[in-house]
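The exercises below ask you to work through cavities, aromatic rings and backbone angles, one step at a time. Please look at the sequence and the model before reading each solution.

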Amino acid sequence: MEATPRWAWTPITALAPVAWGTNYFVTHEFLPSGHPLYGAAIRALPAGLLLLLAVRRELPRGSWWWKSLVLGVLNVGAFFVLIYLAAQLLPTSLASTVMATSPLVMMLIAWVLLAERPRPAHLAGAGVGLGGVCLMLLTGTASVDVRGVLASAAAMIMSSWGYVLAKRWSHQVEVLASTAWQLIAGGLLLLPLAVAVEGAPPALDAPAVLGFGYVTVVATAVAFAAWFAGLRHLPAGTVGLVGLLNPATGVLLGTLLAGEALTARQLCGLALVLTGILLGRPPGRRAGRGRTAAGSEGVRRRVRPPSARR
């Protein structure tokens, strides 16, 4: 993974928001309603265990026990419950569109926690992309459930904090391992709450089983691994803009699978979303080499032998 060209991290990261965009539709259409805690736990735990097997059952060490718990709450436990509620209470397009404000929130948090000052291109891309998402949304006529909007907004804010914290801590451990720990921690927190609040688990028919299989493997295990890998290699502003593919995918699915043709306004909105993502793409190879060289010099400085430090 470390030998992957810098330009390739953007399409790799894009796998996550596209998968998450499809998750709204699958949850709304196939998963049982009224069980957000069980729905989130069933999504998180199996995905985390799959990734843990992939890293040969490597367990957290040192501070990563509490860091996994914090990230598990922000990025998995509370986040999954809120997203599940939003997907059940809102149309697919609206539920996914609320997340369109996350690039700006991530940039502000990254500025505070990581000293990553947003580039003008990132801010311009966020504005253009948000405008495009709103343009796509304004074509809808579905009623709005305020509870769903609040749940989606809370999920966006919590996950933005969680993603920036994951980026801050990500270089300490391997990506798949930290992703697995977050998913397992979040799932283990959710399971007793689900039993206490929702009682017996919901009965699952064949479509629900297949839906959970897709959500667990594709929209969780694969998607989160790609997302956190992107956070490790790209600026938070770039990753946030790539996340605009989430609402774009949700709008397209909600429109196409409902048998409705894309309007000219929706196509313009989609074009603006893609333009916003392109505006926030990483700097060119030359800048990347400069940062790499600086990083290598920092590593050399840190690993000097004891004799050189006297």
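In what follows, Ala, Val, Leu, Ile, Met, Phe, Trp, Tyr, Cys and Pro count as nonpolar, Asp, Glu, Lys and Arg as charged, and the others, Gly among them, as polar. The model used throughout is a predicted one.

**Exercise 1.** Describe the largest cavity and its lining.

Solution. Begin with the general idea that rolling a probe the size of a water molecule over the atoms shows where empty space is left. In this structure there are three cavities of 30 Å³ or more, and the largest cavity has a volume of about 170 Å³. Its lining is made up of 16 residues, of which Trp-20, Phe-79, Met-99, Tyr-163 and Asn-246 are the closest to the centre. Next, turn to the elements: two or more lining residues are given by each of helix 1 (9-30), helix 3 (64-89), helix 5 (102-114), helix 7 (146-169) and helix 9 (206-233), and the largest share, three residues, comes from helix 1. Finally, sort the lining of the largest cavity by residue class, which gives nine nonpolar residues, six polar and one charged.

**Exercise 2.** Classify the pair formed by the rings of Phe-25 and Phe-30, and place other aromatic residues in their cluster.

Solution. A pair of aromatic rings is described by the distance of the centres and the angle of the planes. The whole structure contains twelve aromatic pairs. For Phe-25 and Phe-30, the ring centres are 6.2 Å apart and the planes stand at 80°, so the pair is edge-to-face. Phe-25 counts as buried because its relative accessibility is 18%, under the 20% cut-off, whereas Phe-30, at 39%, is partly exposed. Elsewhere, ring pairs join Trp-20, Phe-79, Phe-80, Tyr-163, Phe-224, Trp-227 and Phe-228 into a cluster. One of these rings, that of Phe-80, has Arg-43 lying over its face, at 4.0 Å from the ring centre.

**Exercise 3.** Where does Arg-56 lie, and is Arg-56 buried or exposed? Work out the same points for Arg-57.

Solution. Start from the rule that most residues other than glycine have a negative phi. Arg-56, although not a glycine, has a positive phi of about 60°, and Arg-57 likewise has a positive phi, near 55°. As for position, Arg-56 lies in the loop between helix 2 (36-54) and helix 3, and Arg-57 lies in the loop between helix 2 and helix 3. The last step concerns accessibility: Arg-56 counts as exposed because its relative accessibility is 77%, and Arg-57, at 62%, also counts as exposed.

Definitions and conventions
Residues are numbered from 1 along each chain as its sequence is written. This is a predicted model: local features need pLDDT of at least 70, side-chain atom pairs count only at pLDDT 80 or more; totals for chains, interfaces and linings use all residues. Side-chain values use heavy atoms; hydrogens and water are left out. On a 1 Å grid over the protein atoms alone, a cavity is a set of points where a 1.4 Å probe fits but cannot get out, and a pocket is an open set with protein on both sides within 12 Å along at least five of seven lines; lining residues have an atom within 4 Å of a point. Grid points are joined across faces, edges and corners, and a volume is the space filled by probe spheres set on the points. Helices (H or I, at least four residues) and strands (E, at least two) are DSSP runs, numbered from the N terminus. Rings of Phe, Tyr and Trp (its six-membered ring) pair if their centres lie within 6.5 Å; planes under 30 degrees apart count as stacked, over 60 as edge-to-face and the rest as tilted. Buried means under 20% relative accessible area, exposed over 50%, partly exposed in between (1.4 Å probe, protein chains only). A charge sits over a ring if NZ of Lys or CZ of Arg is within 6 Å of the ring centre and within 35 degrees of the ring normal.
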